[in-house]
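Work through the exercises below with the model open. Try each task before you read its solution.

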Amino acid sequence: MNSKQIAGEKACEFIEDGMVVGLGTGSTAYYMIQKLGDRVAEGLQVTGVVTSKATEKLAKERNIPLMDLNDVGEIDLTIDGADEVDGSYRGIKGGGGALLFEKLVAHASKKSIWVVGEDKVVETLGAFPLPVEVVPFGYKQVERQLEERGYNPELRHFEDGSIYLTDSQNYILDLHIQAIENPEELNDWLNNLPGVVENGLFLNYASSIVIGYSDGHAEVREK
Ligand code: 5RP
């Protein structure tokens with residue numbers, strides 16, 4: 001078993017009968033959703049709220065009942081992946097491009113658990129490029145301001161060379177910062193930049209982290 005599978009399957013144990021569950025996106029959340037599909041087949045009653053079209057497809061394949069975010073009140077628990085996590089339960093998300101829906105779902109959740117392999121735990125955020133979702137209209141203006149601040153923005157592309165589009169048909173600029181000394185200040189600055197829809201800093205969302213290790217064990221850290 002790889003560390004992602006260990007983390008994803010362990011976190012699934014926190015889902016209880018009757019819960020409304022936010023379903024994350026990515027290759028670690030994948031294992032949680034697969035396990036949840038097994039539990040639903042055995043009779044567990046849950047309602048899922050998806051964070052991307054890819055997760056919607058996966059959840060439907062596993063017969064997990066779904067509701068639109070608009071139609072639920074609070075979400076009991078969201079389980080999602082992350083690209084980096086620091087010791088203060090802050091993280092970078094959006095490597096898979098789903099940061100906007102992921103943050104909306106996390107914001108509506110009473111609790112969020114992140115599932116990560118051991119390699120995602122860092123001292124300082126920023127070695128992983130920080131995704132910033134921007135509207136296509138005038139995005140070069142935003143890019144210019146990010147360049148001026150020394151953030152080395154790179155427009156994300158699909159493998160075929162075309163510009164990457166999010167589920168909301170926006171672009172992503174990945175910032176190559178290396179070390180983000182003050183994530184709160186950067187988050188505020190990005191959120192105030194016209195054209196920015198969302199950024200991948202998730203600073204106050206994770207209540208627990210499940211870390212999978214390649215030796216086969218999982219560690220649960222509670223905030
Ligand atoms: C998608 C995300 C993912 O949760 C994040 O990229 C981690 O992905 P993976 O589990 O595949 O490493 O934020 O937008």
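Helices and strands are DSSP runs, numbered from the N terminus; a helix has at least four residues and a strand at least two. The model is predicted.

**Exercise 1.** Describe the shell around the ligand: how many residues surround the ligand, and which are the closest?

*Solution.*
- Step 1: Count the shell. The ligand is surrounded by 18 residues.
- Step 2: Pick out the closest. These are S27, T28, D83, G94 and K120.
- Step 3: Sort the shell by type. Nine residues are polar, six are charged and three are nonpolar.
- Step 4: Assign elements. At least two shell residues come from β3 (75-81), and at least two from α4 (99-107).
- Step 5: Place the ligand. The space it takes is the second largest pocket.

**Exercise 2.** Find the polar contacts of ligand oxygen with S27, T28 and G95, using a cut-off of 3.5 Å.

*Solution.*
- Step 1: Check S27. An N or O atom of its side chain lies 2.5 Å from a ligand oxygen.
- Step 2: Check T28. Here a side-chain N or O atom is 2.6 Å from an oxygen of the ligand.
- Step 3: Check G95. A polar backbone atom sits 3.4 Å from a ligand oxygen.
- Step 4: Turn to burial. The ligand alone exposes 380 Å², and the protein buries 92% of that.

**Exercise 3.** In what order do the strands of the open three-stranded sheet run, and which are the edge strands?

*Solution.*
- Step 1: Read the order. It is β4-β5-β11, with antiparallel pairing.
- Step 2: Find the edges. β4 (84-85) and β11 (201-202) each pair on one side only.
- Step 3: Look at one pair. β4 and β5 (residues 91-92) are joined by two bridges.
- Step 4: Name a bridge. E84 has I92 of β5 as its partner.

Definitions and conventions
Residues are numbered from 1 along each chain as its sequence is written. This is a predicted model: local features need pLDDT of at least 70, side-chain atom pairs count only at pLDDT 80 or more; totals for chains, interfaces and linings use all residues. Side-chain values use heavy atoms; hydrogens and water are left out. A residue is near a molecule or strand if one of its heavy atoms lies within 4 Å of it. A polar contact is a pair of N or O atoms within 3.5 Å; within protein, one must be able to donate a hydrogen and the other to accept it, and residues adjacent in sequence count only if both atoms are side-chain atoms. Accessible areas come from the Shrake-Rupley method with a 1.4 Å probe; for residues, only the protein chains shown count as cover. On a 1 Å grid over the protein atoms alone, a cavity is a set of points where a 1.4 Å probe fits but cannot get out, and a pocket is an open set with protein on both sides within 12 Å along at least five of seven lines; lining residues have an atom within 4 Å of a point. A molecule sits in a cavity or pocket if more than half of its atoms lie within 2 Å of its grid points. Ala, Val, Leu, Ile, Met, Phe, Trp, Tyr, Cys and Pro count as nonpolar, Asp, Glu, Lys and Arg as charged, and the others, Gly among them, as polar. Two strands pair if DSSP finds at least two bridges between them.
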